[in-house]
Amino acid sequence: MTVIVGLVHNGRVHLGGDSAGVAGLRLTVRRDPKLFRNGPYVMGFTTSFRMGQLLHHAFKAPKPRGDLDRFMATVFVDKLRKCLKDGGWARKDSEQEQAGTFLVGVHSRLFAVYGDYQIAEPADGYAAVGCGDEFALGALHATADLYLKPRERLGLALAAAGHHSAGVSAPFSYVTTRKPLP
């Protein structure tokens with residue numbers, strides 16, 4: 001289910017996402033958001049609505065500080081693991097913890113968090129996760145040099161994924177990090 005897309009533009013992170021809830025061949029258009037703000041972060045999830053609810057309502061997102069790469073891979077992930085465990089959602093398989101996948105933007109940086117809690121920052125300045133990710137990535141790549149506004153690029157990526165993936169459905173929503181302080 002799902003496509004969540006993100007890109008960095010002019011010092012801000014922009015995310016877009018669909019509204020599909022998919023179980024087997026059943027599609028439900030969900031009202032509860034896959035995109036939201038949590039403190040200084042913007043987040044968009046795939047994998048599980050329960051995980052997203054915990055990220056949105058239970059995760060006490062730590063204030064970023066110091067080396068952001070180190071911070072995200074340690075402090076952020078440690079708090080995330082605790083939240084998902086406490087919420088009964090984290091899984092353990094062969095003594096390895098597993099979570100879900102989501103995009104997170106903070107300040108002017110975009111990260112993907114994967115099921116093994118790795119933090120990935122795309123060199124291209126854009127990313128997509130979910131079952132429609134390949135279609136969305138193609139659209140983001142194709143529009144990279146067209147001087148479109150971020151919402152237009154995200155909209156094209158979401159539309160491409162919605163057209164080609166049975167697990168993606170409108171309506172689409174958007175969220176952006178707050179403007180940086182001068």
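## Exercises on two sheets and two cores

In this predicted model, 5 of the 7 residues of strand 1 are buried, so strand 1 is largely enclosed by the rest of the structure. Here buried means under 20% relative accessible area, exposed means over 50%, and partly exposed lies in between (1.4 Å probe, protein chains only). Helices (H or I, at least four residues) and strands (E, at least two) are DSSP runs, numbered from the N terminus.

Residues are numbered from 1 along each chain as its sequence is written. Because the model is predicted, local features need pLDDT of at least 70 and side-chain atom pairs count only at pLDDT 80 or more, while totals for chains, interfaces and linings use all residues, and side-chain values use heavy atoms, with hydrogens and water left out.

### Exercise 1

Work out in which order the strands of the sheet that holds strand 1 are arranged, and which strands stand at its edges.

**Solution.** Begin with the pairs, where two strands pair if DSSP finds at least two bridges between them. Strand 1 (3–9) is joined to strand 2 by 6 bridges, and these two strands run antiparallel. One of the bridges links His9 to Arg12 in strand 2. The hairpin of these strands has 2 residues between them, and in it Asn10 takes a positive phi near 50 degrees.

Next, strand 1 pairs with strand 12 over 5 bridges in the antiparallel sense, and Leu7 has Tyr126 of strand 12 as its bridge partner. Strand 2 (residues 12–17) is in turn joined to strand 13 by 4 bridges, again antiparallel, with Val175 as the bridge partner of Leu15.

Put together, the 4 strands form an open sheet in the order 12-1-2-13. Strand 12 (126–130) and strand 13 (173–176) stand at the edges, each with a single partner strand, so one side of each is left without a neighbour in the sheet. On average, neighbouring strands of this sheet are turned by 15 degrees against each other, direction ignored.

### Exercise 2

Find which residues of helix 3 are buried, and state what they pack against.

**Solution.** First place the helix: helix 3 (residues 133–142) lies across strand 1 and strand 12, running at about 165 degrees to strand 12. Such angles run from 0 to 180 degrees between N-to-C directions, with axes fitted to C-alpha atoms, for helices over the stretch in contact.

Then look at burial: Ala136, Ala139 and Leu140 are buried in helix 3. They cover an arc of only 100 degrees around the axis, which puts them on the same side of helix 3; the arc is that of the directions from the helix axis to the C-beta atoms. The face turned away from this buried side carries the exposed residues Glu134, His141 and Ala142.

Finally, the buried residues of helix 3 pack against strand 1, strand 12 and helix 4, where contact means heavy atoms within 4.5 Å.

### Exercise 3

Describe the sheet that contains strand 5, and say which helices lie across its strands.

**Solution.** This open sheet of 5 strands has the order 5-6-9-10-11, with antiparallel pairing. Strand 5 and strand 11 (119–120) stand at the edges, each with a single partner strand, so one side of each lacks a neighbour in the sheet. Between strand 5 and strand 6 there are 4 bridges, and Phe36 has Met43 of strand 6 as its bridge partner.

Helix 1 lies across strand 5, strand 6 and strand 9, at about 30 degrees to strand 5. Helix 2 lies across strand 6, strand 9, strand 10 and strand 11, at about 45 degrees to strand 10.

### Exercise 4

Identify the residues that touch the most other members of the largest nonpolar core, and the element that gives the most to this core.

**Solution.** A nonpolar core is a set of buried Ala, Val, Leu, Ile, Met, Phe, Trp, Tyr and Cys residues joined through side-chain atoms within 4.5 Å. Of the 26 residues in the largest one, Tyr41, Met43, Leu55, Phe76, Phe102 and Val104 touch the most other members. Helix 2 gives the most, with 8 residues. Apart from this core lies another, of 14 residues, among them Val5, Leu7, Tyr126 and Leu140.

### Exercise 5

Explain where Asn38 sits and which backbone oxygens its side chain reaches.

**Solution.** Asn38 is found in strand 5 (residues 35–38) and is buried, with a relative accessible area of 10%. A polar atom of its side chain lies 2.9 Å from the backbone oxygen of Leu55, and the side chain of Asn38 also reaches the backbone oxygen of Phe59 at 3.0 Å.

Terms used: Polar contact = N/O pair within 3.5 Å; in protein donor to acceptor, adjacent residues only side chain to side chain.
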